[in-house]
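This report looks at how two protein chains meet and at how they approach a strand of DNA. The sequence and the structure come first, followed by the protein interface and then by the surroundings of the DNA.

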Protein chains: 2
Amino acid sequence: MTINDIAALTGVAASTVSRALSRPDRVNRITRERIQAAARELNYVPNTQARALSSGRTETVALLVSDATNPFYFGLIRGAQQQLRAAGHALLLIDTEDSAELENHLLHKVRRSVDGVILAASRLPEQTLSVIAAELPVVTVNRNVPRVRSVVIDSPDGVMQAVEHLVSLGHRSIAYVAGPPSSWANEARWRAMRTAMARHGLTAARVGPFGVSRSSGSVAADALLNTGATAGVTFNDLLAIGILRRLAERGVDVPGEISVVGCDDIFGADFCSPPLTTLTAPIEQAGRVAVSMLLDHLEHLGETASRQTVLLPTHLTIRQSSGPAPRR
Amino acid sequence: MTINDIAALTGVAASTVSRALSRPDRVNRITRERIQAAARELNYVPNTQARALSSGRTETVALLVSDATNPFYFGLIRGAQQQLRAAGHALLLIDTEDSAELENHLLHKVRRSVDGVILAASRLPEQTLSVIAAELPVVTVNRNVPRVRSVVIDSPDGVMQAVEHLVSLGHRSIAYVAGPPSSWANEARWRAMRTAMARHGLTAARVGPFGVSRSSGSVAADALLNTGATAGVTFNDLLAIGILRRLAERGVDVPGEISVVGCDDIFGADFCSPPLTTLTAPIEQAGRVAVSMLLDHLEHLGETASRQTVLLPTHLTIRQSSGPAPRR
DNA sequence: CAATTAATGGCAATCGGTTGCCACCCGGTT
DNA sequence: AACCGGGTGGCAACCGATTGCCATTAATTG
């Protein structure tokens with residue numbers, strides 16, 4: 001089942017077999033068909049490592065996520081997976097456990113075993129990313145770095161929609177519940193929030209940072225209540241769902257006493273209680289686009305990219321966790 | 001940054017460098033330390049493909065799931081990932097899209113690029129699995145095949161607990177809401193259900209099969225109501241959550257009019273509405289154990305396994321979707 | 001009909017490690 | 001002094017493809 005077996009069987013040299021399979025126009029039709037038939041019959045599958053060793057192409061892409069159990073990534077993983085399979089590539093999944101150090105280490109380790117990497121929510125400093133991008137094709141997700149192509153979900157725009165929504169419901173005091181400080185998206189959302197509030201002559205409060213897990217939601221909920229705000233916009237849905245649970249525990253009515261708006265519209269946002277008003281992000285699409293950009297980049301290496309960054313729109317999905325501001 | 005660079009730098013042969021790094025006791029301490037120091041300094045990372053080509057070991061394990069967006073797999077992926085990283089191995093994630101044919105094809109394709117595979121919820125017939133297991137180290141999850149090591153979550157036992165729970169609440173008419181017929185676990189749960197019911201002189205109804213998605217939940221809910229059962233045990237939580245939504249839509253009170261028990265305790269089961277009574281499965285642990293078994297198997301290839309299959313216990317977690325049977 | 005060119009296929013080097021085998025050195029035995 | 005054996009390290013083959021270069025042959029053209 002190696003290229004040599006096929007060569008022996010068809011009476012040609014191994015190099016000819018290789019060409020017949022990977023550069024068909026380089027060999028005579030008759031020969032080619034004979035070889036291809038033999039390959040099919042023997043159920044030949046080229047050895048990936050051998051191919052990688054000589055050609056440098058591994059047909060594998062690494063996807064780095066900060067936490068494989070975060071539902072946000074499910075969609076991303078799936079989208080990436082789909083697009084990769086379509087191109088015949090494999091997906092190496094790497095969980096960086098939210099550690100910049102580990103991320104850097106693992107990146108360094110797989111550097112030679114993949115054709116490129118997709119960094120979802122990288123915790124690495126900008127400079128490090130630039131260095132890495134210089135020696136390895138990189139596409140980031142939700143992270144903007146000069147000279148590194150990226151797909152970013154336009155949640156800042158969504159945050160503005162959320163603010164409009166809340167303000168129109170009479171809310172005047174709205175707080176931002178922040179996520180990890182090392183998250184680029186976190187800062188982007190906070191900036192958008194301040195801008196949107198300022199447009200109405202309002203000032204946003206900010207609490208956090210909090211970890212992105214449901215348990216962090218409890219402490220976030222308490223902090224949110226302390227601000228006296230009548231509404232909170234959270235860094236992501238995981239946090240929002242945690243907050244909803246804690247508020248229910250404390251007997252605080254949502255949205256009667258306080259409104260909560262999440263971000264991403266992950267699995268669960270539609271069936272938690274109350275169903276979460278949130279920014280719906282095209283996560284799966286983001287995964288597909290990231291892969292497309294990467295593969296495209298691989299095909300035209302030396303060239304400068306036409307579009308360095310793709311912005312994906314979000315929209316506000318109104319459910320039951322947001323409502324009119326309480327009368328005071 | 002290849003082995004040769006280090007060899008040149010330290011003035012030894014490449015083979016010595018190789019040994020110094022992978023079989024340290026085979027080379028003199030002085031030499032070894034000099035080489036290791038140089039390797040560290042140059043930030044040397046061995047080329048995976050080259051190593052794999054000559055040694056046959058790729059230090060990569062493939063995890064096949066039937067649908068990467070199914071929350072059940074999140075925990076599995078994470079557990080596997082953790083254990084693999086600890087061993088310095090990489091994780092190749094493969095989504096078989098619930099197709100036996102695709103599963104077989106992809107398995108065949110990666111065969112040579114991985115040291116072993118973990119098949120989570122394989123859709124392949126037993127015979128095919130045996131063939132594959134003979135030519136490639138395999139560990140299955142929730143699937144029992146002779147001579148193939150496996151980790152199975154003891155949900156049949158859990159199903160019995162669920163039946164006891166429901167019967168003690170006065171339910172006499174309980175239906176099983178079935179998942180995909182190709183799922184081994186599905187049949188195992190159904191058998192357990194019938195056995196448990198029979199113990200009380202009762203007969204279980206069965207509806208389905210249904211796909212495992214929340215949208216399938218709608219049709220499942222209607223079918224469940226048609227049976228006239230006062231309680232339903234579902235193949236998995238995804239289906240259960242879908243059912244809860246549909247019942248809410250139709251104005252059916254849960255658990256007032258009908259009780260619903262899920263299976264797996266996935267993300268979301270605790271905060272859906274009402275929170276789902278379900279069989280809590282040690283999913284992450286299953287992932288870890290599967291990897292351990294596989295790596296263990298790899299280390300002692302020729303030998304016969306001590307334990308071919310590991311059974312992981314489940315327990316019933318009672319929340320608010322189950323309650324006393326309605327009085328008629 | 002000679003000459004130029006295009007199409008085709010083989011040779012052999014190469015990618016970067018791994019590993020069996022052998023040679024050498026050195027201290028310890030008899 | 002001859003011998004033995006363990007500890008070290010080098011040589012070279014090998015894993016399975018890819019690819020640059022060249023030789024052969026066939027086709028085209030003036």
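Two residues are taken to be in contact when they have heavy atoms within 4.5 Å. On that basis, in this predicted model, 45 residues of chain A are in contact with 45 residues of chain B. Among these, A:Gln49, A:Phe267 and A:Phe271 supply 17% of the area that chain A buries against chain B, which is more than any other three residues give. The two chains bury about 4,100 Å² between them, and 59% of that area lies on carbon and sulfur atoms.

The arrangement of the copies can be stated simply: a turn of 180°, with a shift of 0.0 Å along the axis, lays chain A on chain B with an RMSD of 0.1 Å. This is the relation of a two-fold axis. The same surface serves both copies, since 100% of the contact residues of chain A recur in chain B.

Polar interactions also cross the interface, where the count is 8 salt bridges between chain A and chain B. In one of them, the side chains of A:Arg245 and B:Asp270 meet at 3.5 Å, N to O. Between the two chains there are also 15 residue pairs in polar contact, with both residues at pLDDT 80 or more. On the side of chain A that touches chain B, two or more residues come from each of helix 4 (48-55), helix 5 (71-86), strand 2 (90-95), helix 6 (100-110) and helix 11 (237-249) of chain A. By class, that side has 21 nonpolar, 13 polar and 11 charged residues.

Turning to the DNA, there are 27 residues around DNA strand D, of which A:Ile3, A:Ser18, A:Tyr44, B:Thr16 and B:Thr31 come nearest. The surface near the strand divides into 9 nonpolar, 11 polar and 7 charged residues. Helix 2 (14-22) and helix 4 of chain A, together with helix 2 (14-22) and helix 4 (48-55) of chain B, each supply at least two residues of this surface, and helix 4 of chain A gives the most, with 5 residues. Of the atoms of DNA strand D within 4 Å of the protein, 60% belong to sugar or phosphate, and the rest belong to bases.

Some of the polar approaches to the strand are listed here.

| Residue and its N or O atom | Atom of DNA strand D | Distance |
|---|---|---|
| A:Arg19, side chain | base oxygen | 2.6 Å |
| A:Tyr44, side chain | phosphate oxygen | 2.6 Å |
| A:Asn47, backbone | phosphate oxygen | 2.9 Å |

Conventions:
Residues numbered from 1 in each chain as written. Chains lettered and ligands numbered in written order. Predicted model: local features only at pLDDT ≥ 70, side-chain atom pairs only at ≥ 80, totals over all residues. Heavy atoms only, no water. Least-squares fit on C-alpha atoms with pLDDT ≥ 70 in both. Buried area = accessible area lost by both parts, 1.4 Å probe. Salt bridge = Lys/Arg side-chain N within 4 Å of Asp/Glu carboxyl O. Polar contact = N/O pair within 3.5 Å; in protein donor to acceptor, adjacent residues only side chain to side chain. Helix = DSSP H or I, 4+ residues; strand = E, 2+ residues; numbered from the N terminus. Nonpolar A, V, L, I, M, F, W, Y, C, P; charged D, E, K, R; others polar. Near = heavy atom within 4 Å.
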